[in-house]
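Student: I am new to this structure and would like a close look at just one part of it. Please pick a part that shows how a piece of the chain sits among its surroundings, and explain your terms as you go.

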Amino acid sequence: MFSAGQKGTRFDSHPQEKGGCVGQTRSPHPLQRALQVPLPLRPHSSARQREPCAAAMVTQCLPLLASVLVLAAPGLSVPAQAQNTSKKTFSSTWTNTLKKDSWPKDCSEISAGSPSGVYVIQPSGLHPIVVYCEMNVTGGGWTVIQRNRYNTDITWAESWSTYKYGFGNVHSDYWLGTEYIHQIAKQKVYRVRFVIQDASNNIRFAEYNLFSVDNESQGYRLRLGSYSGTAGDAMDSDNPSNMHNNMKFSTKDRDQDTSRKNCASRSGGGWWYSACYSVRLNFKGGMTWGSLCQGDCNSSLILIRPAPYT
Ligand SMILES: [Ca+2]
């Protein structure tokens, strides 16, 4: 069901009972377990959500979910059965509320003390989108832009346009969408935190005090600030052939790397490749983070949050 908080609306569903696009999760993401993040609680019984979500449809899940949730509104708590049984109520009641503009612009604007889970946000100038908000790690308010795990269901070898608008399962493994990441990160000054679970299940992190992604016409070039953390500064290597900071984003069908070859086509998923990588997180079958884990990281999580003013 949709339930509303004071500043953000959380989309609750139970991974054991769901059958739709957000219903593919059968077990908690390992980082959720490691970080003791509670899973969302209640089932969502919308008919649209119950439609089968085959692998070929996975890439449509986030936009579909977003299109459903765009019709919900901040300040409302709408039982799921009401959506199924009363289209008149659906349309007449919510028409006015669509005009409201009070969605949080990112997860940092969700009320302090709110649980981690799936929320609707609306970055400036963009339609509402569905994201997972991590509210338990180092003060909370983190917008999850990527999650992956060793035994992921998704291949990550997707096209430019699929990466642009996101794919996967917002409850488990997903890419939020390069365009949406760009739109969120241009609103304020952001920082990024990469959380890596290595092959021995140790949790390491790498934080960069600045994070932005240029617009699409500039190739979604990545901009990172200064590193701190325990995982190693693998995104900003001294070696130009495998660094990622200041690189354009590449996918198998849009080669913008610095190699004569096509890194994304050879390596799997889209990423900010040079020639080619020291970090490979968008990959099925074991991720890489510098020397910490080379093809055998168990899981990854990429979080962004406005940088504190100092
Ligand atoms: Ca190339």
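Tutor: Let's look closely at strand 5 and then step outward to what lies around it.

A word on the ground rules. Residues are counted from 1 along each chain, in the order in which its sequence is written. What you see is a predicted model, in which local features need pLDDT of at least 70 and side-chain atom pairs count only at pLDDT 80 or more, while totals for chains, interfaces and linings use all residues. Here pLDDT is the predictor's confidence in each residue, from 0 to 100. The protein chain averages a pLDDT of 77, and 67% of the residues score at least 70. Over residues 12–28 the pLDDT is below 50, though this stretch has 50 contacts in the model beyond near neighbours in sequence. For residues 33–97 the pLDDT also stays under 50, and the model has 112 contacts for them beyond four places in sequence. A contact means that the C-beta atoms of two residues, placed from the backbone, lie within 7 Å.

Now for the frame. The protein chain contains 15 strands and 8 helices. These are DSSP runs numbered from the N terminus: helices are H or I over at least four residues, and strands are E over at least two. Of its 310 residues, 46% count as buried. Buried means that 20 or more other C-beta atoms, placed from the backbone, lie within 10 Å of the residue's own; with 12 or fewer a residue is exposed, and in between it is partly exposed.

Strand 5 covers residues 142–149, and 8 of its 8 residues are buried. Strand partners come next; two strands pair if DSSP finds at least two bridges between them. Strand 5 runs antiparallel to strand 4 (residues 129–134), joined to it by 3 bridges. With strand 15 the arrangement is antiparallel as well, and here 6 bridges make the join. Strand 7 (residues 174–175) also pairs with strand 5 in the antiparallel sense, over 2 bridges.

You can follow these pairings residue by residue. Start at T143 in strand 5, which is the bridge partner of C133. T143 also has a bridge partner in strand 15, namely I304. Further along, Q146 finds its bridge partner, W175, in strand 7.

From C133 you can take one more step outward. In strand 4, C133 stands opposite G117. Strand 3 (residues 117–121) and strand 4 pair in the antiparallel sense over 5 bridges. Strand 3 is largely enclosed by the rest of the structure, because 5 of its 5 residues are buried.

Going the other way from T143 brings you back to I304. Leaving aside neighbours within four places in sequence, I304 is in contact with residues including W142, T143, I145, I184, A185 and V192. I304 is also among the residues with the most contacts inside the largest nonpolar core, a group of 64 residues; C133 is another, as are Y119, V131 and V192. A nonpolar core is a set of buried Ala, Val, Leu, Ile, Met, Phe, Trp, Tyr and Cys residues joined through C-beta atoms within 7 Å. In soluble globular proteins, nonpolar side chains tend to be buried together.

Two of the contacts of I304, I184 and A185, lead on to helix 7. Helix 7 (residues 178–185) is largely enclosed by the rest of the structure, because 6 of its 8 residues are buried. Those buried residues are T178, Y180, I181, H182, I184 and A185. Strand 5 is part of what covers them, and the cover also includes strand 4, helix 6 (160–165), strand 8 (190–197), strand 9 (203–213) and strand 15.

For contrast, look just past the partner strand. P308 lies in the segment after strand 15 (299–306). P308 is exposed, because it has 9 other C-beta atoms within 10 Å. Its C-alpha atom is 8.7 Å from that of R191, a residue 117 places away along the chain.

Links across long stretches of sequence show up in the whole chain too: among contacts between residues at least 6 apart in sequence, 62% join residues at least 24 apart.
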